[in-house]
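Dear colleague,

I am passing a structure on to you with this message, and my notes on what was found in it follow below the entry. Please read them with the coordinates open beside you.

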Amino acid sequence: MKLYSRYFNRYKIPFLIAICCVTLEAVCDLLGPTLMSHIINNGIESGSLDKVYYWGFRMLLVTLIGAVFAVTRNNLASFVSQRMGADLRTDLFTKIMSFSEESVDKIESGSLITRMTNDTSQIVQFVNGIMRIFLKAPITCIGSIILASMLNLRLSIIIYSVVAVVAILITISMKLSYQRFYQLQKAMDRINTRVQEYLLGIRLVKAFGTYDKETREFEEANQNLMQKGVSSLLVITVISPLLSLFVGFGTVAVIYIGSRLFTLNMANAGDITAFTIYMAQILSSLLMITNVFNMFVRTKASTIRIREIFECDEDFKKSGMKEELSGDIVFHNVTFAYPGGSGVPAVKNLSFTVKKGESLAIIGPTGSGKSTIAWLLLRFYDTGEGNILINGINLKNLGVDEIRNEIAIVPQKPTLFSGTVKENIIWGNKNATAEEISLAAEQAEAEFITQMPEGFESSLGSGGVNFSGGQKQRISIARGLLKKSSVLLLDDATSALDAITEARVLRNLKERKEDQTVIIITQRCGTAMTADKVLVMENGIGVGFGTHAELIKSCQVYRDIYETQIESSKEA
Ligand SMILES: Nc1ncnc2c1ncn2[C@@H]1O[C@H](COP(=O)(O)OP(=O)(O)OP(=O)(O)O)[C@@H](O)[C@H]1O
């Protein structure tokens, strides 16, 4: 409930008005049967048409007022529940955007989508229900019992017995339903995750022709969802008819005992008629109450899943010391193991220095910890031991926005968004001029953009599907260059380029006037040789650091890479 109090506070006035309307509507409904008994007892039985008109008019008036309250609460319920749902989705999205890397790994994206859509809808429905029917049901039920008791105390014993049995049924239903609904939502997660993974790998599935496997896995998830759906509804499908049955028995008992009392002159026709109407009202409100509890159980399951998102760890604080940073980087005895990983450090006791304006290449076999250095520099994670300093300031004393504003990363896998090429390039620098955009594209050797009919205004399909891998990398490099940050981090960012284009990009980087620190993560020795310094990584350890010439002499791992790549290519 604490989770929702802020939303409730935001809309408490329309919420309370709706609650008042639904209460008054229930009172109007309750008055109906009593007014009916007056029509029969005072009007029909005594043959007075005036009394029939008198009580009939009152009955119509009460029904009309009830209808006005119903329309008002329906409108308010839609307004408040939909607004609360929209606010909740916005807050969830904001929270997800602030997730720490650990949190990103914790909940699968398919599950996040189900929580933001299905679970939020469940809550919207519940809030809507509270304002429309949920309060009405207990009021109508309790009111009907009281008013029926006032009409005839003897007959009301039947009502008490029926209500006691129903209360037991509802308790059983709640106990059985909760776990089933929780499992149902998890089954929905599985379906979403399957569809999402299929869509991400759609080309691979086509290329490998693994439709059967995909279909089978989807079918399994689908069957599982269907079974969980049936199982969660089973309780309701059994309990609801049982309720109707018990209330039906009660109504028959009222009519039977009522007619006996009538013949004994201990009850009159109007009261028995009103009593049976109250029984019908009790039945409908008990069915509503069962639905309320079922919805409550579903909402409880959804609330737990939504709360899990809000309880996830957030990224480090956004702002810290507000220092002017320029690009002097020091790694000092850094050791780091991924949280939730095997526990083996991805980098161990790593130390190196890059001065402002210098270029550093990081080379090493796959899995040696190269990209981890980039993630640590961007403070996606904090170091376990040791420190990383920018301009002599420990990253832990800086806010992530300050750090990330100073670093432009061009990731291993270029991420492009649907929109135009220009929109993708200016992503990190919204105020860039047309000249700056062209220059960045030129330096990234992305001349193909200008050769396209619509140039920078050309559209990219989802994820840049209409561009080649090398084209996507060059757009991504242009984006990194345009950010004009003090550090440029290229994580294997030229791997999809042919050797000539890659050499041109590296030359352009060198020839730029910018006083920018450039870190190039690469598998290629030819690329590493262009940098001022090279860091050689192996199994998370920095096994060599220096210029190309120094490393050829001093570092066996570097020499091996050089000989394998450069010498063998000369021989070929
Ligand atoms: N999110 C993660 N959780 C747990 N372990 C991880 C994670 N990311 C990387 N690792 C592990 O950390 C080690 C270093 O990975 P890293 O990505 O830094 O290597 P790399 O040198 O960049 O490799 P490549 O050249 O293949 O990109 C690997 O053993 C990898 O399995």
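Let me begin with a short strand of this predicted model: in E3, the residues Ser-359, Ala-361 and Ile-363 point one way while Leu-360 and Ile-362 point the other way, and all of them are buried. This fits the general pattern, since in a regular strand the side chains alternate between the two faces of the sheet. Taken as a whole, E3, which covers residues 359-363, is mostly covered, with five of its five residues buried.

As for its partners, E3 pairs in the parallel sense with strand E10 (residues 517-522), and five bridges hold that pairing; E3 is also joined by four bridges to strand E11 (residues 533-538), again running parallel. Leu-360 is a convenient place to look at both pairings, as this residue stands opposite Ile-519 in E10 and opposite Lys-533 in E11.

The other finding concerns two helices, H5 (residues 109-134) and H10 (residues 269-310), which pack at an angle of about 145° with their axes 9 Å apart, and H5 passes H10 in a left-handed crossing. On the H5 side the contact is made by residues including Arg-115, Asp-119, Ile-123, Phe-126 and Gly-129, and on the H10 side by residues including Met-288, Val-292, Met-295, Arg-298 and Ile-306. Sorted by class, the contact of H5 with H10 comprises nine nonpolar, five polar and four charged residues.

With kind regards

Methods
Residues are numbered from 1 along each chain as its sequence is written. This is a predicted model: local features need pLDDT of at least 70, side-chain atom pairs count only at pLDDT 80 or more; totals for chains, interfaces and linings use all residues. Axes are lines fitted to C-alpha atoms, for helices over the stretch in contact, and angles run from 0 to 180 degrees between N-to-C directions. A crossing is left-handed if the near helix is turned anticlockwise from the far one by less than a right angle, and right-handed if clockwise. Two residues are in contact if their C-beta atoms, placed from the backbone, lie within 7 Å. Ala, Val, Leu, Ile, Met, Phe, Trp, Tyr, Cys and Pro count as nonpolar, Asp, Glu, Lys and Arg as charged, and the others, Gly among them, as polar. A residue is buried if 20 or more other C-beta atoms lie within 10 Å of its own, exposed if 12 or fewer, and partly exposed in between; C-beta atoms are placed from the backbone. Two strands pair if DSSP finds at least two bridges between them.
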